[in-house]
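Trainee: I have this model open and I'd like a close look at the aromatic rings. Could you walk me through that part?

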Amino acid sequence: MGLLLLLALRAEAGGVGVVLSGGGAKGLYHIGVLEALEENGIPIDYVAGTSMGSIIAAMYAAGYAPSEMRAIVSSGVVREWVSGRIDPNRYMSYYRQLGNNPSFLSVRVNLGNPAGERLQFPTNLISSTQIDLALIDLFAPATAASGGNFDRLMVPFLCVASDMNHRRPVVMRSGDLSVAIRSSMSIPLVFKPVAIDSMLLYDGGIYDNFPWKPLDAEFHPDLIIGSICTAGNTPPSENSDIMDQAFMLAMQDTDYTLPAERSVTIRRAVGVSMLDFGQAEAIMNAGYEDAMAAMPQLLERVSERRDSAWFAERRRAFREKCPPLIFNDYELEGLKREQREYIRDFLHMDRRTPGVQRPMSFGELRNNLFEILAEGNLTMGFPKVQYDSLTRGYSFDARFTARPSFKITIGGNVSSTAFNQAYIGIGYRSIGRVSQQLGADLYLGPLYTWGSLGGRTDLYAIEPLFFDYSYNFSVSNFRHGYFGNVSRIRNAEQVKSSESFLSMGVGMPMTHRSLFVLRANGGHVNYRYDSDDLFADDTDHSRFSFFGLKAAIARNTLDKFLYPRRGSELYLSGIFISGRDKYQPYDAEEFLIRERRQWFGGRFTWNKFFDLPQCSWFSFGFNVDAVYTNHPSFSTRSASLMSMPEYAPVSHARMVFMPDYRADRFVAGGVMPTFDLMPDFFFRTGFYTMFRNKREFNPLGVPDERWHYIAEASLVYHSPIGPVSLSLTKYDLKDWNNMYLTFNFGYAIFAPKGTFY
């Protein structure tokens, strides 16, 4: 009897139903449509959608106002969600990001698989982790409030997905709202499908991109308002991008024709690609304009109007039923016990009392998950989230997969000068009760080569702690050119150096983006340079065998490690170096002078980049660098200079040896105005000055100039695989000498110094 009554009520339901088509980024059009409908008092009694239309319809059904949807989209987070990328600089703790990797391409290898299955290639183009958690944030409270019955949302809702196992559309009317939306928007090749029972669910647009018929059959509205953001059943053209082509080829024809006697269609073929969310404002405005143009026809068809207070009260009443998204129960699947324990520690899921799990807000849980996933060694499936009315909290159940432990990375730097580098890295990572990394990195170039072999162990006691250990070597040969000079050069010398040392460090995070580290280095460095003897046919040679200690505090929030645009870097350190300086003249067969050298020192460095308010095309940066040491004089002037700290605020300054910019004590700084030309493409200028101490070993008759300057102008483009730059660099300003023009594609990475700085 109850079922018959429900069917009878549905048959007589009446009211206004709104159906929203799919279309990826084009679907933002629907937000403007809904905004215009509410603004003009058009009641919305039922909503339905496919793909992006399902997201917008579900947000409305879950109590989000069109103005709130517009604010969410305008904030840029949707672009972040669909990018599939978890930004390490935002989510990973700084202590886990030490070291810079010039990667163009990385391939993971599973040595435990058969030969043909060892290389792991992606099964979809975009990771869905970002959008998965966004959907949980948006819809889990509404699922709890409705008890999984979509008729009990603020307005009844349905969406359509495509079951590719049974080759049919599936109407989603109940269950987890997040799962239903995720199923409806699983664009083939782009996102992983959703498996439910025997169904493998892809984007609903494959079979029904405009689900007005399911809406009509389920809710029987008096009036159907259709919002269509695509051209309809059109084949792909040669101008369609690869995403649009792939999806259009998979789609079957959809019936976009509503019953004329009881419908109004608002339609525009929005001219953007499916994943182009960069024009969100224009797309939403187009929907609003088209709905306003259709408003006379709508007002003619609708007899009953609603004011803004009615919409607000309906929204408030439903939201009061939505429990806050607080998690207090966590289940991790798919990993070994030791790996699960590591993740639970890392995510701070448990209290110190055994068996008691720690409550977390959604924001905290998401950030913790992103921190461990950003490294790329683990993947996570779509989590199951359920509300428990007894504990008044949500459970979180997710299946993790460990990616292959071996990784091969290829990268480097392509330069217009001789400063080219090829990089190859081999790494092994295991996660058990502790996290263990082993690896080798090799940078090969005609003028600068360096490498490292070592490892790192991360563990959790009361706080996270890491130990690292490595053998490092480098060879730099600045004896064969001046690296892009376009004028006479008077500030550089041709030298060669090689370094080999062991390093051990221990550190811990102080905050999310800061750390404290203690490090010990031991090894030797060789300096080769022109002799003071004008008739010498070879170079003099100095060797410094050393042991050094450093304590440092660092904080880093830069968005890029090369050519950053936002964030800051703060570095404060103290060092002690002790060793033996040995000198061999060009005409001697062995070292003739052996002297003990030792010194203390400290360094403060601060780089900061920020946007200026109400000026979207201009930003500003500054640099401060100060060094104080009691660095002793070595056996020769050249060895003393080569072992001193340098001021190198631009990359090119590290590609040449310039004595003017080396000193045992100096204060320096600069400003970096930046002009945005296009997204990820900007023009940066830099003006730097350095004041150094007076030198004791200055040659007679040569003025000891203590002020020095650098100016640089660069065009920079941050491509998906690395930065591209064209830079004009000028050292000192009194004449037109010392000017360089360099082009670089990739990452020019420099080895850490055994003597620290």
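Mentor: Here is a walk through the aromatic pairs, with a few words on the rest of the chain around them.

Keep in mind that this is a predicted model. To get your bearings, the protein chain has 16 helices and 32 strands, and its C-alpha trace spans about 110 × 60 × 50 Å along the principal axes. Of its 757 residues, 52% count as buried. There's a lot of long-range contact too: among contacts between residues at least 6 apart in sequence, 67% join residues at least 24 apart.

Now the rings. The structure holds 34 aromatic pairs. One of them is phenylalanine 327 with tyrosine 394, a tilted pair with 5.9 Å from centre to centre and 50° between the planes. Those two numbers are the usual way to talk about it, since a pair of aromatic rings is described by the distance of the centres and the angle of the planes. Where do the partners phenylalanine 327 and tyrosine 394 sit in the chain? Phenylalanine 327 belongs to strand S11 (residues 326-333) and tyrosine 394 to strand S15 (residues 393-402), so the pair links distant parts of the chain, 67 residues apart. Both phenylalanine 327 and tyrosine 394 are buried.

Next, take tyrosine 423 and tyrosine 443, which also make a tilted pair, with 4.7 Å between centres and 40° between planes. Tyrosine 423 is in strand S17 (residues 421-431) and tyrosine 443 in strand S18 (residues 435-444), so this pair ties together parts that lie 20 residues apart in sequence. Are these two tyrosines buried or exposed? Anything under 20% relative accessible area is called buried. Tyrosine 423 comes in at 5%, so it counts as buried, and tyrosine 443, with 3%, is buried as well.

Go back to phenylalanine 327 and tyrosine 394 for a moment: together with Tyr387 and Phe396 they form one aromatic cluster.

Rings can also have a charged side chain over them. The charged end of lysine 582 sits over the ring of phenylalanine 591, 5.1 Å from the ring's centre. Arginine 565 lies over the face of phenylalanine 682, at 5.8 Å from the ring centre.

Some aromatic residues turn up at the surface instead. Phe516, Phe604 and Trp606 are among the members of a nonpolar patch there, along with Met508, Met510, Leu518, Ile553, Leu570 and Leu572, and the patch has about 730 Å² of accessible area together. Strands S21 (495-511), S22 (514-530), S24 (567-584) and S25 (593-612) each give two or more residues to this patch. Pick leucine 570, in strand S24: its relative accessible area is 34%, so it is partly exposed. For scale, the accessible surface of the protein chain comes to about 34,300 Å², with 56% of that belonging to carbon and sulfur atoms.

One last stop is helix H9 (residues 212-219), where the aromatic residues Trp212 and Phe219 are buried, as are Pro214, Leu215 and Asp216. Right after H9 comes histidine 220, which has a positive phi, near 50°.

Technical notes. Residues are numbered from 1 along each chain as its sequence is written. This is a predicted model: local features need pLDDT of at least 70, side-chain atom pairs count only at pLDDT 80 or more; totals for chains, interfaces and linings use all residues. Side-chain values use heavy atoms; hydrogens and water are left out. Patches are made of residues with over 30% relative accessible area and no salt bridge: like charges are joined within 9 Å, nonpolar side chains (Val, Leu, Ile, Met, Phe, Trp, Tyr) within 5 Å. Accessible areas come from the Shrake-Rupley method with a 1.4 Å probe; for residues, only the protein chains shown count as cover. A salt bridge is a side-chain nitrogen of Lys or Arg within 4 Å of a carboxyl oxygen of Asp or Glu. Helices (H or I, at least four residues) and strands (E, at least two) are DSSP runs, numbered from the N terminus. Buried means under 20% relative accessible area, exposed over 50%, partly exposed in between (1.4 Å probe, protein chains only). Rings of Phe, Tyr and Trp (its six-membered ring) pair if their centres lie within 6.5 Å; planes under 30 degrees apart count as stacked, over 60 as edge-to-face and the rest as tilted. A charge sits over a ring if NZ of Lys or CZ of Arg is within 6 Å of the ring centre and within 35 degrees of the ring normal. Contact means heavy atoms within 4.5 Å.
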